[in-house]
Structure formats: C-alpha cells, structure tokens
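The following exercises are to be worked through with the sequence and the structure at hand. Each task is followed by a solution in steps.

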Amino acid sequence: MAEPVLEVSGLVKHYPLTRGILFRKQVGAVKAVDGVDFTLGRGETLGLVGESGCGKSTVARMLVSLERPTAGTIRYRGEDITRLSGKALKAVRRNIQMVFQDPYTSLNPRMTVGDIIGEPYEIHPEVAPKGDRRRKVQDLLDVVGLDPEYVNRYPHQFSGGQRQRIGIARALALRPEVIVADEPVSALDVSVQAQVINLLDRLQSEFELSCLFIAHDLSLVRHISDRVGVMYLGRIVEIGRDTEIYDHPTHPYTQALLSAVPVPDPEAREHRERIILAGDVPSPTNIPSGCRFRTRCWKAQERCALEVPALAVPEEFRRTTGPAAHDSACHFAEDVSIRRSAPEVVLPPEETREDHVNGSA
Ligand SMILES: Nc1ncnc2c1ncn2[C@@H]1O[C@H](COP(=O)(O)OP(=O)(O)O)[C@@H](O)[C@H]1O
Ligand code: SF4
Ligand SMILES: [Mg+2]
C-alpha cells in the first residue's frame with residue numbers, strides 16, 4: 001500500500017447511558033464504535049460498508065474531529081491528532097474534510113451557494129484573500145460540474161444531486177488531502193447516484209485525494225474503492241483489496257451481505273446460495289461475548305462465544321499468497337469463492353453538467 005495518510009488504531013466511541021435527574025448515574029454505554037483499526041494510503045479510496053447503526057458515521061465524525069474518541073488513536077501523516085486542540089487542531093482539520101450524507105439538511109438554506117462554498121475561507125483566510133474568494137468559489141463550482149453563474153443562488157433552487165455537488169465543492173475549498181464521504185449518495189435518486197459517484201472518482205484522481213467512502217451497500221463502493229472494510233456492530237470484521245472482498249470473502253457476515261446483492265447474470269444467479277441472516281442486529285449497548293456476529297452466524301460454535309476473533313489473516317490462509325489471505329475476524333474463516341456473485345456495477349459516464357435547476361431560473 002502507498003504511504004499511509006491516516007492510521008486508525010483501537011478507535012472507540014462509547015456514549016454513556018445515564019439514569020436519574022438529580023444524581024446522574026451511568027448505567028451502561030452505547031458502544032457505537034468498539035475497536036476500529038485501518039489505514040488509508042495516499043491517493044487511495046477505502047470503502048467502509050455495513051448496515052445502518054454499525055458505527056460508520058461515528059467513525060467519520062471522529063476522523064474529522066467533530067467528536068472525540070473514548071479511546072484509540074488517529075494519526076495523520078504519522079502525527080497523533082487524536083487529542084489536539086486550538087491552532088494545531090485547526091491546521092489538521094483543514095486537511096481532512098467531510099462530505100455529508102444529506103445534502104438537504106447540510107446546506108444552510110439562508111446562505112447563497114457562494115457563501116456556503118466560501119465559508120471555510122472565513123476560518124482559513126490564508127487560503128484565499130478576500131478579493132480572491134469569489135473567483136475561487138466560481139472555479140470550484142466549475143470543478144464540480146455546476147455553472148459558475150449560480151454563485152448567488154440559494155440551496156432550494158437546486159436538485160438533490162446539484163446540492164451534493166455544492167457540498168463536495170465546499171469540502172474541496174481548502175484543498176484537503178483527505179475526504180471522508182459519509183454515504184454521499186444515499187439520500188439521492190438512484191438515477192443521480194452514479195453521476196455523483198463518478199464525480200467523486202474523477203476529483204479523487206484530479207486532486208490526488210485520499211478518500212474514505214462510506215456506504216451501506218457493498219455494490220455501491222466497488223466501483224471506486226481500492227480496498228473495502230466491512231463493519232458489524234462497531235468493528236471492522238473483514239478488510240482487503242476489492243477483489244479479495246468481493247470474490248473471496250472469508251467472513252460469514254461479508255458472505256451474507258454479498259449474497260444479497262442482486263445478480264444480473266442468470267447463470268451466476270443459479271449457482272449461488274442466498275444467505276438469509278437470522279434475527280436482528282444486537283443492541284450496541286449489549287454486545288455478544290466472543291465474536292459479536294455469533295448470534296446471527298450459521299457457523300457459530302462454542303469457541304465463538306468464548307474468544308474474540310482478531311482482525312488478522314486467518315491461520316489457514318497464512319501460508320498462502322492467494323486472495324483469501326486478507327484480514328478477517330473469524331475463527332472458522334473459509335474461502336467460498338463466490339465469484340461472479342457480486343456484479344461490477346457499470347456506471348454511465350458522468351454528466352458534467354446538470355442543467356436542470358429547480359424553481360426559478
Ligand atoms: N450521540 C449519540 N448518543 C448515543 N448514541 C449514539 C449517538 N450517535 C450515534 N449513536 C448510536 O451509535 C450507533 C452507531 O451510530 P452511527 O455511527 O450513526 O451508525 P451508522 O452511520 O453506521 O448508521 C447507533 O446505535 C446509534 O444509535
Ligand atoms: S467466529 Fe464464529 S460466530 Fe464469528 S463469524 Fe466466525 S464462525 Fe461465525
Ligand atoms: Mg451513518
């Protein structure tokens with residue numbers, strides 16, 4: 001892997017559960033993130049996937065310093081940034097920017113697009129002197145495929161896809177090195193999702209960005225990810241290069257997620273087994289002992305309740321160099337090679353301009 005830009009180790013976020021009005025007493029904790037490790041290489045895109053509630057957004061918020069971890073460290077270019085404050089924090093924040101999930105609520109409806117995209121310059125005036133800002137904002141609009149003349153319009157005058165382009169432009173304003181995109185297309189119509197993903201893909205190479213791309217659907221991230229991590233109940237359970245995860249998943253949870261992805265090829269469809277997971281995801285306030293996936297795993301045995309499986313290359317694949325030799329937190333990891341069961345989602349070419357504008361012209 002390329003030189004790491006971000007190194008995350010043992011990252012934990014527990015939200016205390018309290019009871020009582022006068023004497024607040026902690027009675028438990030929501031273990032939203034419960035020991036996450038990964039690295040993000042320079043210029044790399046890492047997809048982070050998992051069902052709703054597994055802790056993806058909490059990881060994202062900690063990476064961009066919107067929340068403080070309960071434990072663990074985040075390193076940026078080798079420097080521990082986990083507990084920075086003041087000037088040092090401000091300098092690091094500039095380099096790690098977030099694209100939010102919902103472009104309808106993340107843009108201030110009372111600000112013009114120009115003010116929204118230019119807002120980061122108020123905090124970092126050294127990046128763009130006042131007289132230069134309008135031009136910079138217009139350049140950014142152009143970069144994300146919007147007409148620079150839109151600079152004085154308001155968010156309600158744009159479609160969902162266009163609003164997300166505005167959100168992306170704002171994230172790029174300070175020329176960050178890392179982009180954390182938290183389900184950037186989940187709130188958009190399926191027809192516009194591909195355009196926004198293609199835009200991110202293009203910007204990633206144009207600006208040599210390192211990107212953490214969060215999604216709840218494995219098929220969405222394949223197109224743009226170099227590596228993929230699968231999360232379950234606050235932890236990464238499997239992580240590897242895209243072909244390793246999609247064609248040779250060794251963790252039962254990943255195998256189940258992939259088996260649910262629709263397959264266009266009828267022959268491949270016939271040859272694969274659809275895995276239906278039993279039960280619901282346990283509450284993050286009460287995580288099962290041993291392997292946290294065991295209450296839904298069809299392969300669970302006694303050992304699974306007793307021993308926490310480490311996220312590492314499983315014993316049986318350690319002496320091989322094949323695609324099954326990647327990190328998987330399972331005592332009984334198996335390469336079931338569900339090849340072709342995960343289709344490459346073919347995306348139409350990016351439409352560089354969405355000319356349709358909602359509301360008045
Ligand atoms: N501020 C908070 N206080 C208490 N619980 C929270 C808070 N934020 C998130 N959670 C809980 O943490 C878990 C993970 O949430 P989140 O990171 O939003 O998951 P995801 O983005 O994967 O859907 C959920 O159970 C959620 O309810
Ligand atoms: S460790 Fe056991 S319960 Fe966990 S995924 Fe592997 S087989 Fe299933
Ligand atoms: Mg989320």
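**Exercise 1: The two sides of a helix**

In this predicted model, helix H4 spans residues 133–143, and its buried residues are Val137, Leu140 and Leu141. Determine on which side of H4 these residues lie, and which residues are exposed on the other side.

*Solution.*

Step 1. An α-helix has 3.6 residues a turn, so residues three or four places apart point the same way.

Step 2. Val137, Leu140 and Leu141 are the buried residues of H4. They lie on the same side of H4 because the arc they cover around the axis is only 100°.

Step 3. Arg135 and Asp139 are exposed on the other side of H4.

Step 4. Helix H3 (113–123) and helix H5 (160–172) are the elements against which the buried residues of H4 pack.

Step 5. Glycine 145, just after H4, has a positive phi of about 85°.

**Exercise 2: Two domains in contact**

Describe how domain 1 meets domain 2.

*Solution.*

Step 1. Domain 1 covers 4–225 and domain 2 covers 247–328. Their centres, taken over C-alpha atoms, are separated by 29 Å.

Step 2. Contacts join 12 residues of domain 1 to eight residues of domain 2.

Step 3. On the side of domain 1 that touches domain 2, strand E2 (25–41) and helix H7 (218–222) each supply at least two residues. E2 gives the largest share, seven residues.

Step 4. By class, this side of domain 1 has five nonpolar, three polar and four charged residues.

Technical notes:
Residues are numbered from 1 along each chain as its sequence is written. Chains are lettered from A and ligands numbered from 1 in the order in which they are written. This is a predicted model: local features need pLDDT of at least 70, side-chain atom pairs count only at pLDDT 80 or more; totals for chains, interfaces and linings use all residues. A residue is buried if 20 or more other C-beta atoms lie within 10 Å of its own, exposed if 12 or fewer, and partly exposed in between; C-beta atoms are placed from the backbone. Helices (H or I, at least four residues) and strands (E, at least two) are DSSP runs, numbered from the N terminus. The arc is that of the directions from the helix axis to the C-beta atoms. Two residues are in contact if their C-beta atoms, placed from the backbone, lie within 7 Å. Domain bounds come from an automatic or database domain assignment. Ala, Val, Leu, Ile, Met, Phe, Trp, Tyr, Cys and Pro count as nonpolar, Asp, Glu, Lys and Arg as charged, and the others, Gly among them, as polar.
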